[in-house]
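Thanks, everyone. Let's get the structure up on the screen, and I'll walk through it piece by piece.

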Amino acid sequence: MNRRKFLKSTAIAATAAPLILTKMRAFGADAPSNKLNIALIGAYGRGSQHWDGLASQNIVAICDVDEKHLDLAQQRFPAARRYIDWRECLGHQGLDAVVICTPDHTHAFITLWAMNRGLHVYCEKPVANTIEEARLVRATYLKNKNKLATQAGTQRHAFPNFNRVRELIQDGAIGQLEDACAWGNRQLRKPGYLPALGEPPSTLHYDLWLGPSPFHPYNPDYFSGQPAANCLQWNMYWDFGNGQVGDMGSHTMDLVWNAIDADPPISAEAKGEPFNPEVSPVELATHFQHPANKWRPAIKVSWYQGGAMPESPSQWIDLRKIGHGAMFTGTQGYLICDFEKRLVIPLGNHSDMTYYKPRGANEVIPSMKGFQQEWFDACKGNLKTSCNFDYNGLMTEQMLLGLVAYRAGKKIEYDGVTGKITSDAAANEYLRHTYRPGWTLNG
């Protein structure tokens, strides 16, 4: 190589080196920085509940459609750059990861855009508002699972009781599993979309808040309520959320989903209050049929909400006193649980648990250090999380299929491979939303 070519190649290498190091950051104990560069999108409300945990990392960007919320978040993260549009925020130089705490109707959009840009993602539940969104989120994650860490924000999953329930079910404490269900008692009734009332405050970029959803005039009641739970004021509306299916359903069905190792259901049926085209139902019962797997037969899985409840296994037990819980039925008994407690009830003369062999100390599923911390560690290491978008995407797909059956008004047969309803072609329209012009789901 002559001198001119040598100098030219050296200059190119020197220019490229910082780019390579930026893209392939090391997070080991001896690395110059073992902190993630994170953008918090949805900086207040639910986002404020992440502030303490995120303080251990580098919060380099904060994004919110309300500049008042940005002012509050900036007090905690003074060095972070401010954005009002999440699409611009995702272009922030040097980002490693995003935490998404926006309204439900933008979750899949931000998640997909972030993964397509090579960013690790923590997204509050639900990760999607439609089956089409849930399947696309899951497929995009699976395509990138060897380089991206994802976590859906069902933080109760970190409670040790989730592991104990899984062990009891899979080790045969109630015999062969036949049925599983979960329920929630929350009731938030809304008559329909709110009428126009006043003008948005100057700090609120209302059009960005609406995002991909059809236009609805501003009303301050969409935003009333406690800061950490203001989603409860808008998530009952079809264009903004899925009511309790996406809210507490995401948490409570997780108790069941963690134990049954299920693929998509093959059918769904639902019964609830009369259909309202503007507001999701309060009272609802949905039932799914799941095929057999390697360790259990085919089972029925159900979700109850808003007052609808499964039948109690005994006159001595009032399931209604468990606000959000789950029940498993087996050939030799029942397991009833909530997020932190569990109760096994033997069934019949030969089901006294005499022959049940619990796991040894070395076989017990270990507890995680913390739900958010698990994701931090995954971003910097093996990419493994408990509620990644494969696991949670499947659960979300099932729950949303119950709403499709509810809207169809009949039992539907479902092909989990193609993501299509095979028994009623017209019902496939409920698998997706129509978005406002200019908003691209998979950008």
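Start with helix H7, where Asn161, Phe162, Asn163, Arg164, Val165, Arg166, Glu167, Leu168 and Ile169 are buried. Bear in mind that this is a predicted model. H7 covers residues 160–170, and nine of its 11 residues are buried, so the helix is largely enclosed by the rest of the structure. What covers those buried residues? The cover includes strands S7 (177–184), S11 (324–330), S12 (333–337) and S13 (342–346), along with helix H9 (248–260). After H7 comes Gly172. Its phi is positive, near 85 degrees.

Now the sheet. It is an open sheet of six strands. Read the order as S3-S2-S1-S4-S5-S6, with parallel pairing. Which strands stand at the edges? They are S3 (81–83) and S6 (150–153). Each has a single partner strand, so one side of each is left without a neighbour in the sheet. From one strand to the next, the twist averages 20 degrees.

Move inward to strand S4, residues 97–100. Four bridges join S4 to strand S1, residues 37–41, and the two run parallel. One bridge pair there is Ile41 with Ile100 of S4. S4 also pairs with S5, again in the parallel sense and over four bridges. Here Ala97 has His120 of S5 as its bridge partner.

Stay on S5, residues 120–124. Five of the five residues are buried, so S5 is largely enclosed by the rest of the structure. Look at the side-chain directions. His120, Tyr122 and Glu124 point one way. Val121 and Cys123 point the other way. Both sets are buried.

Next, the nonpolar cores. As background, nonpolar side chains tend to be buried together in soluble globular proteins. The largest core here has 119 residues. Which members touch the most others? Val98 and Phe328 do. Helix H11, residues 391–408, supplies the largest share of this core, with 11 residues. Apart from it lies another core, of 11 residues. Ala285, Tyr304, Ala308 and Ile336 are among them.

Back to Val98 for its contacts. Leaving out residues up to four places away in sequence, Val98 touches Ile38, Ala39, Ile41, Leu90, Ala114, Leu119, His120, Val121, Tyr122 and Trp375. Two of those names came up earlier: Ile41 is the bridge partner of Ile100, and His120 is the bridge partner of Ala97.

H11 also packs against helix H6, residues 131–144. Their axes are 9 Å apart, at an angle of about 170 degrees. That makes H6 roughly antiparallel to H11. From H6, the contact uses Ile131, Ala134, Arg135 and Arg138. From H11, it uses Gly393, Leu394, Thr396, Glu397, Leu400, Leu401 and Val404.

Last stop: Gln305. It is found in strand S10, residues 299–305. Is Gln305 buried or exposed? Its relative accessible area is 1%, and under 20% counts as buried, so Gln305 is buried. Where does its side chain reach? It reaches the backbone oxygen of Val282, at 3.1 Å. Again leaving out residues up to four places away in sequence, Gln305 touches Gly184, Gln244, Val245, Pro281, Val282, Glu283 and Leu284.

That's the tour. Over to you for questions.

Terms used: Residues numbered from 1 in each chain as written. Predicted model: local features only at pLDDT ≥ 70, side-chain atom pairs only at ≥ 80, totals over all residues. Heavy atoms only, no water. Buried < 20%, exposed > 50% of the residue type's maximum accessible area, 1.4 Å probe, protein only. Polar contact = N/O pair within 3.5 Å; in protein donor to acceptor, adjacent residues only side chain to side chain. Contact = heavy atoms within 4.5 Å. Pairing = 2+ DSSP bridges. Axes fitted to C-alpha atoms, helices over the stretch in contact; angles between N-to-C directions. Core = buried A, V, L, I, M, F, W, Y, C linked by side-chain atoms within 4.5 Å. Parallel < 35°, antiparallel > 145°, perpendicular 65-115°, else oblique.
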